[in-house]
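Got your viewer open? Let's take a walk through this molecule, one selection at a time.

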Amino acid sequence: MSEEANKKGHPKGLYVLFATEMWERFNYYGMRAILILFMTKALLFDHAFASNLYGSYTGLVYLTPLLGGYIADRYWGNHRSIIAGGLVMAIGEFILFFCGNFYHSAPQLSSILFFSGLGFMIAGNGFFKPNISSMVGQLYKKSDRRIDAAYTIFYMGINVGGALGPFICGLVGDTGNPADFKWAFLAGGIGMLISVVVQQVFHHKYVVDPDNNVLGLTPKTTTAKWINPVNMVIGLLLLSTSTIGLLYIEVKVVNYLSYLLVGSILFIAFVIFSDKTLVYHEKLKVAVIFVVSFFVIFFWSAFEQAGASLTYFADEQTQRDLGFYVVPASWFQSLNSIFVVSLAPLFAWLWVKLGKYEPSSPFKMAMGLFLLAMGYLWIAFGVKNVQPGIKVSMVWLTGMYALHTCGELSLSPIGLSLVNKLAPAKFASLLMAVWFTANAIANKLAGILSALYPENGKTTSFLIYHMSNKYDFFMLFVFMAGIASLILFLISGKLKKMMV
Ligand code: PHE
């Protein structure tokens with residue numbers, strides 16, 4: 001191993017990527033923390049409509065990275081894509097800021113601004129999200145032992161942003177007065193600009209490979225027309241207009257998104273499995289990726305209730321009055337990130353400590369689903385036999401988020417590295433796309449499920465399961481994640497055999 005690889009510290013570039021990602025996540029999670037509250041309290045959407053919109057928005061947010069990753073690889077390079085995507089997202093936040101100014105005086109205009117702001121966020125995220133994390137590993141030599149630690153530090157950056165965003169945006173925007181929501185969008189936009197400035201100022205100096213070559217530059221094969229600023233602006237505007245249209249059609253005209261997402265996965269499966277150059281055992285590995293991607297849908301669709309039904313629950317049924325201060329409902333969305341930052345070292349230690357008893361990746365993922373089910377069981381107990389309108393202690397949501405985070409830590413990083421390990425080089429990006437698309441499906445499903453949140457004595461149903469109170473609703477996730485976990489436990493031995 002080279003001298004470099006034995007160094008204790010990390011390259012400065014890691015901290016540039018850390019700060020860029022942190023401020024972007026600040027922007028994303030800060031606005032998400034108040035999004036559903038803004039929709040129901042300022043725009044006066046009903047709960048179910050707002051839930052569906054939340055799912056369609058977040059679903060599209062995790063679909064566009066497929067396009068952004070593709071364009072970055074072939075034409076723009078990572079750095080240029082991050083700057084472009086970041087600016088587009090900042091514009092999105094500022095449009096939402098204006099929307100928050102006009103919702104009362106000019107509802108028509110504010111509705112147009114709302115869809116436009118979200119459309120810009122969707123388009124911008126596509127260029128940002130896939131392009132940062134792919135550079136983290138490139139800061140090191142392939143054999144460098146610090147790479148895993150680097151990803152852990154980077155994941156901390158995500159979550160420092162994920163904790164600060166809802167905190168600051170909740171502080172300035174979720175005040176009880178709907179006219180204040182706009183400040184949360186403004187704060188998010190400012191955070192996004194800080195991210196872009198950090199990236200612009202420090203990237204070329206510090207984000208370099210071990211041989212001092214700047215990472216993420218424009219690919220040599222790119223032709224001038226692709227990076228001509230006028231063409232780029234026109235392209236980004238066209239794309240943003242399309243995402244505004246895609247979101248609008250999905251929520252107002254016809255639900256096509258679920259079919260599009262599932263269809264894309266099936267199409268990719270067809271492309272890969274019909275490839276004649278892949279040998280049998282490679283196809284088995286790819287099959288494992290598809291199977292675990294299927295199971296994570298059940299995880300994220302329950303987990304991502306955080307920005308929807310669980311925020312309704314925080315807002316309406318959680319006792320948040322401390323006597324001297326009423327805790328904003330949006331602050332509960334910080335809890336997951338706070339727990340990640342505090343518990344991630346424990347999990348890293350645990351896997352090492354278990355040594356040869358360390359469970360296989362599919363087994364860990366089944367555990368993740370189980371912990372998630374336990375989180376919902378905990379909160380279901382908290383609301384059992386509680387009359388509607390009575391508020392319960394913050395302990396229930398807090399404990400649930402702690403369990404959900406333990407679930408996330410045994411499923412999310414494990415799944416990601418599993419995909420990286422198992423994917424044949426030829427299909428590495430495409431299989432990463434499968435992983436992201438599973439996330440998109442889960443987010444769309446999260447919105448559909450959140451729309452079933454029962455209120456005012458109304459009963460809702462999912463297939464044959466009827467829900468007339470919060471207990472029934474939370475138990476839906478206990479069953480869903482619990483059954484998925486059980487099946488994954490049962491097949492984990494078989495999957496392990498397919499992986500070698
Ligand atoms: N907290 C993670 C993040 O923001 C959630 C996530 C997991 C997003 C997997 C995408 C894919 O990065």
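Contact, on this tour, means heavy atoms within 4.5 Å. Before we start, a word on what is on screen: this is a predicted model, where local features need pLDDT of at least 70, side-chain atom pairs count only at pLDDT 80 or more, and totals for chains, interfaces and linings use all residues. Residues are numbered from 1 along each chain as its sequence is written, and side-chain values use heavy atoms, with hydrogens and water left out.

**Stop 1: Ala440**

Select Ala440, which is found in helix H15. Helices here are DSSP runs (H or I, at least four residues), as strands are (E, at least two), and they are numbered from the N terminus. Who touches Ala440, if you skip its neighbours within four places in sequence? Gly59, Tyr62, Leu63 and Leu261 are in contact with Ala440. Ala440 counts as buried because its relative accessibility is 0%. For the whole tour, buried means under 20% relative accessible area, exposed means over 50%, and partly exposed is in between (1.4 Å probe, protein chains only). Now draw a distance from the C-alpha atom of Ala440 to that of Ala428, twelve residues away along the chain: you should get 19 Å.

**Stop 2: helix H9**

Next, select residues 257–273, which make up helix H9. Its 17 residues should span 24 Å at 1.5 Å a residue, and the end C-alpha atoms are 24 Å apart, so the two agree. (The expected span is 1.5 Å times one less than the number of residues.) Colour Leu257, Leu261, Ile265, Ile268, Ala269 and Ile272, the buried residues of H9. They sit on the same side of H9, because they cover an arc of only 120° around the axis. That arc is taken from the directions from the helix axis to the C-beta atoms.

What do these buried residues pack against? Show helix H2 (47–61), helix H8 (229–253), helix H10 (280–303) and helix H15 (428–450), and you have the partners. Then spin to the face of H9 turned away from the buried side, where Tyr259, Leu266, Phe267 and Phe270 are exposed.

**Stop 3: helix H2**

Stay with one of those partners, H2. Is H2 largely enclosed or largely open? It is largely enclosed by the rest of the structure, since twelve of its 15 residues are buried. Among them are His47, Tyr54, Tyr57 and Val61. The length works out here too: 15 residues at 1.5 Å each should span 21 Å, and the end C-alpha atoms of H2 are 21 Å apart.

**Stop 4: salt bridges**

Switch on side chains. A salt bridge is a side-chain nitrogen of Lys or Arg within 4 Å of a carboxyl oxygen of Asp or Glu, and by this rule the count is nine.

- Pick Lys41 and Asp315, whose side chains meet in a salt bridge at 2.8 Å, N to O. The pair links distant parts of the chain, with Lys41 in helix H1 (residues 12–41) and Asp315 in helix H11 (residues 309–317), 274 residues apart. Lys41 counts as partly exposed at 36% relative accessibility, whereas Asp315 is buried at 14%. Add Arg320 to see a network of salt bridges that links it with Lys41 and Asp315.
- Move to Lys426 and Asp275, where the closest N and O atoms are 2.8 Å apart. Lys426 is in the loop between helix H14 (394–422) and H15, and Asp275 is in the loop between H9 and H10, 151 residues apart. Lys426 is exposed at 53%, but Asp275 is buried at 14%.
- Try Arg146 and Asp144, another salt bridge at 2.8 Å. Both residues are buried.

**Stop 5: two unusual backbones**

Most residues other than glycine have a negative phi. Click Leu44 for a positive one, near 60°. Leu44 lies in the loop between H1 and H2 and is exposed at 66% relative accessibility. Asn212 also has a positive phi, of about 70°. Find Asn212 in the loop between H6 and helix H7 (224–227), exposed at 61%.

**Last stop: Trp183**

Finally, select Trp183 in helix H6 (residues 181–206). Its 36% relative accessibility makes Trp183 partly exposed.
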